[in-house]
Amino acid sequence: MPPKQKPLVIVTRRLPDVIETRMMELFNCRLNLEDKPMSQAELAAAAKEAEILVPTVTDRIDAGVLAGAGPKLRLIASFGTGVDHIDLKTARQRGITVTNTPGVLTEDTADMTMALILAVSRRLAEGERLVRAGAWGGWAPTSMLGHRIWGKRLGIIGMGRIGSAVARRAKGFGLSVHYHNRRRVHEDVEQELEATYWESLDQMLSRMDIVSINCPHTPATYHLLSARRLKLLQPHAVLVNTSRGEVVDENALTRMLQASEIAGAGLDVFEHEPAVNPKLLKLDNVVLLPHMGSATIEGRIAMGEKVIINIKTFVDGHTPPDRVVEAML
Ligand code: 8YV
């Protein structure tokens, strides 16, 4: 038998060296060594030519891109857990399988959630700016006072893998854990986390000291934290988002932060990334990060490994382990 031809795999962004090297060994792989994000036209051209496309969160794989996809394109093996950048319905209609990389960035993202909770409550970024600006006049009993997190109530929106990992950490920090989820989690998990379930998000929001967003962005969660819901938060509340900017009405949030209607926010994600509302940049009570919740070397390599396993399994004629099924979202 002649050797099987390696499939053409187009990778849209730079991935860790070890992952790119292995992909070059296994597949007929086209890399993006410049790491310049592709335009919609470039993505459409890639979808036309590739058998397998490896995009990331920065690529919008919409109906327009998929409309031009060639008959060869059978798999979109996304590098990342969120799949809101891919038009799943159109992909399904065109018989294209979609996979993602869940599980391997859970702990890193949960760490970043705790980092933001602490950073906002204890004014870490402000303090750092003060020292760097040479403006620190020395210790004083009443300077840089933040708020203790121990003993406070944390409301987690979305008790999936990441939400649960946040809850475990939060318990260690002495926070009392509350959550809202489409489905109540198993009672054993609730007991382990000593978590209180709120079927009504509105009810939960009005009672929390800190709120963390850990649900995916889907049509059902777009602006889940609408202007109306944000107004339910208490004036001393802190909001942290390491999920997707689209889950929060960013303009409404900005207005409330400006008016001190809530105490602060820690944002790793934004509604129109990489654009950040310029009004947010002027506020001291927010900590702003460039979508780095899962940015560890270990995590990125594990994500790449998952992409490789998904492609390899698919090419060998099996169902890839991380196949995304719309109904599960
Ligand atoms: C990833 C993320 O880095 O996986 C996700 O859903 O939000 C990020 O942590 C990014 O999506 C990579 O495509």
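Trainee: How far is an oxygen atom of the ligand from a polar backbone atom of Phe79?

Mentor: This is a predicted model, in which local features need pLDDT of at least 70, side-chain atom pairs count only at pLDDT 80 or more, and totals for chains, interfaces and linings use all residues. Residues are numbered from 1 along each chain as its sequence is written, and side-chain values use heavy atoms, with hydrogens and water left out. A polar contact is a pair of N or O atoms within 3.5 Å; within protein, one must be able to donate a hydrogen and the other to accept it, and residues adjacent in sequence count only if both atoms are side-chain atoms. For the ligand oxygen and the polar backbone atom of Phe79, the distance is 2.5 Å.

Trainee: What share of the ligand's accessible area does the protein cover?

Mentor: Side chains also approach the ligand: an N or O atom of Ser294 is 2.6 Å from a ligand oxygen, and one of Arg300 is 3.2 Å from a ligand oxygen. Accessible areas come from the Shrake-Rupley method with a 1.4 Å probe; for residues, only the protein chains shown count as cover. Of the 320 Å² that the ligand has on its own, the protein covers 89%.

Trainee: How do the residues of the shell around the ligand divide by class?

Mentor: A residue is near a molecule or strand if one of its heavy atoms lies within 4 Å of it; those surrounding the ligand include Thr56, Leu105, Arg244 and His291. Ala, Val, Leu, Ile, Met, Phe, Trp, Tyr, Cys and Pro count as nonpolar, Asp, Glu, Lys and Arg as charged, and the others, Gly among them, as polar. The shell thus divides into 3 nonpolar, 6 polar and 2 charged.

Trainee: Which element gives the most residues to the lining of the second largest pocket?

Mentor: On a 1 Å grid over the protein atoms alone, a pocket is an open set of points with protein on both sides within 12 Å along at least five of seven lines, and lining residues have an atom within 4 Å of a point. The second largest pocket is lined by 23 residues, with Val120, Ser121, His147, Val238 and Ala263 nearest its centre. Helices (H or I, at least four residues) and strands (E, at least two) are DSSP runs, numbered from the N terminus; those giving two or more residues here are helix H5 (106-121), helix H6 (124-132) and strand S12 (286-288). With 4 residues, the element that gives the most is H6.

Methods:
1 Å grid on protein atoms, 1.4 Å probe; cavity = no way out; pocket = protein on both sides within 12 Å on 5 of 7 lines; lining within 4 Å.
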